[in-house]
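Subject: The structure to look through

Hi,

Here is the structure I promised to pass on. Have a look at it first, and then read my notes below.

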Amino acid sequence: MKGAFSISFRLMAFSSIIPAALCATYSRSENIVGTGFYNSFIFEDGPDPNHGRVNYVDGATAMSQNLTFASENTFILRGDWQTVIDDSSTTGRNSVRIRSNNAYTTHVAVFDVVHMPQGCGTWPAIWEVNGASWPGGGEVDIVEGVNDQGNDQITLHTVTGCTMPASRTQTGTSGPLNCDVGASFGCSVNVGQAPSYGPTFNANGGGWYAMERTDTFINVWFWSRNAANVPADVSAGGTTVDTSDWGIPVANFPNTACNIPQFFDAHNIIINLNFCGDFAGQADVYASSGCPSTCTSYVDNNPAAFGDAYFLFNSINIYE
Ligand SMILES: *[C@@H]1O[C@H](CO)[C@@H](O)[C@H](O)[C@H]1NC(C)=O
């Protein structure tokens with residue numbers, strides 16, 4: 001046994017010196033489709049750490065109120081669209097936040113999304129985090145926006161010491177370069193394509209978001225449903241992907257001045273629909289979006305406005 005351990009240790013030591021650039025081909029480790037979402041994710045109910053006008057329900061409630069719905073090929077996650085919320089409620093509109101059972105370091109995640117929540121007051125997100133020590137452990141926001149405004153924004157959040165260079169190989173536009181949550185709202189990249197978010201994303205039948213995380217970079221790609229350049233291994237959702245064939249990412253976060261393994265722990269995937277809260281509900285953000293009334297009052301009193309406030313997934317594929 002001791003001998004076997006020593007041999008495998010040497011193999012591991014050897015494999016760790018293969019340059020990351022050679023490792024662009026990954027094999028699928030999870031194919032999450034339809035009812036599989038219930039096996040791969042747990043419901044995070046209870047108070048919202050982001051102060052939203054939201055009540056995250058447990059799995060039994062979500063299913064009984066049809067806030068999650070799985071068919072053989074699709075999974076839906078949405079907010080309540082039928083109930084007027086009493087203004088004296090201490091929580092808010094029922095909605096759903098799910099977290100993957102598995103956590104990942106080096107991996108590729110491909111999200112095939114047909115529809116994302118839209119409407120004034122909505123703050124949907126697909127992201128990765130280790131919630132236990134935040135902002136230690138870092139955060140990667142892959143899909144995020146508020147109040148139907150603008151393009152998708154991809155953002156990293158870390159503790160002090162992780163910054164991004166101004167010049168990067170990406171098609172999106174850099175916002176703040178300091179990822180430190182104490183210094184800014186994170187280091188963000190605006191995808192710069194209208195079909196990347198909200199009503200325009202939905203009108204185009206959605207598309208694919210993909211993230212590749214290694215020890216030396218984090219890259220994110222977006223392809224609209226009918227884009228000419230969707231890689232075949234992405235649209236096919238097959239058993240392997242080769243990210244070296246995917247072209248320039250929309251967002252590139254290199255390790256130039258950010259030691260990725262130091263600032264990013266193993267991450268769970270989180271998918272949630274929030275209302276108002278720290279981002280969508282900020283008075284200036286809400287007002288500048290052209291939405292009526294105040295965020296809380298609008299969300300409480302207009303259930304019919306949330307009929308399109310839902311995610312519809314074809315699949316999530318994980319490659320490692
Ligand atoms: C739940 O939602 C799905 C998807 O919108 C729909 O097809 C189904 O009929 C709904 N079920 C009920 C009981 O309303």
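Let's start with a question to try yourself: is G136 buried or exposed? G136 has a relative accessible area of 18%, so it counts as buried, because the cut-off for buried is under 20%. You'll find G136 in the loop between β9 (122-129) and β10 (139-144). Leaving out residues up to four places away in sequence, G136 touches N130 and V159. Y56 is 80 residues from G136 along the chain, and their C-alpha atoms are separated by 24 Å.

Before you go further, keep in mind that this is a predicted model. The protein chain has a mean pLDDT of 92, with 93% of its residues at 70 or more. Residues 1-20 are the stretch to treat with care: pLDDT stays under 50 there, and the model gives that stretch two contacts beyond four places in sequence.

Disulfides

Next, the cysteines. A disulfide is a covalent bond between the sulfur atoms of two cysteines. Searching the whole structure turns up four disulfides. If you count the bonded cysteines along the chain, the pairing pattern is 1-7, 2-5, 3-4, 6-8. I'll walk you through three of the pairs.

C162 and C258 make one disulfide, with 2.1 Å between their sulfur atoms. This pair ties together distant parts of the chain, 96 residues apart: C162 is in the loop between β11 (153-157) and β12 (173-174), while C258 is in the loop between β17 (251-254) and α6 (260-263). The angle about the S-S bond is -90 degrees, and the link is left-handed. C162 and C258 are both buried.

While you're in that second loop, take a look at N259, which also sits between β17 and α6. N259 has a relative accessible area of 40%, so it is partly exposed. In sequence N259 and F217 are 42 residues apart, and their C-alpha atoms are 9.0 Å apart in space.

C179 and C187 form another disulfide, S to S 2.0 Å. Which hand does the disulfide of C179 and C187 have? The torsion about its S-S bond is about 90 degrees, so the disulfide is right-handed. C179 counts as buried because its relative accessibility is 0%, and C187 is buried too, with a relative accessible area of 1%.

Then there's the disulfide that joins C276 to C295, S to S 2.2 Å. Distant parts of the chain are linked here as well, 19 residues apart: C276 lies in the loop between β18 (267-275) and α7 (277-280), and C295 belongs to helix α9 (residues 295-301). The torsion about the S-S bond of C276 and C295 is about -100 degrees, so this disulfide is left-handed. Both cysteines of the pair, C276 and C295, are buried.

The core

Now for the inside. Which residues of the largest nonpolar core touch the most other members? They are F111, L156, F253, I271, F313 and I316, out of 62 residues in that core. F313 makes a good place to zoom in: apart from neighbours within four places in sequence, F313 is in contact with F37, N73, T74, F75, F111, D112, V113, I126 and I271. There is also a second, separate core of twelve residues, including V108, V110, W221 and V234.

F311 is worth a stop too. F311 is in strand β19 (residues 310-319), and it is buried, with a relative accessible area of 0%. Its contacts, not counting residues up to four places away in sequence, include F75, I76, L77, V113, H115 and I271. L77 shows how the chain folds back on paper versus in space: F311 and L77 are 234 residues apart in sequence, but their C-alpha atoms are 5.2 Å apart.

The ligand

Last stop, the ligand. Which residues are around the ligand? They are N66, F69, I76 and R78. A polar side-chain atom of N66 is 2.5 Å from an oxygen atom of the ligand. R78 has a side-chain N or O atom 2.8 Å from an oxygen atom of the ligand.

Have fun clicking around, and send me any questions.

Cheers

Notes:
Residues numbered from 1 in each chain as written. Heavy atoms only, no water. pLDDT = per-residue confidence, 0-100. Contact = heavy atoms within 4.5 Å. Disulfide = S-S within 2.5 Å. Helix = DSSP H or I, 4+ residues; strand = E, 2+ residues; numbered from the N terminus. Buried < 20%, exposed > 50% of the residue type's maximum accessible area, 1.4 Å probe, protein only. Core = buried A, V, L, I, M, F, W, Y, C linked by side-chain atoms within 4.5 Å. Near = heavy atom within 4 Å. Polar contact = N/O pair within 3.5 Å; in protein donor to acceptor, adjacent residues only side chain to side chain.
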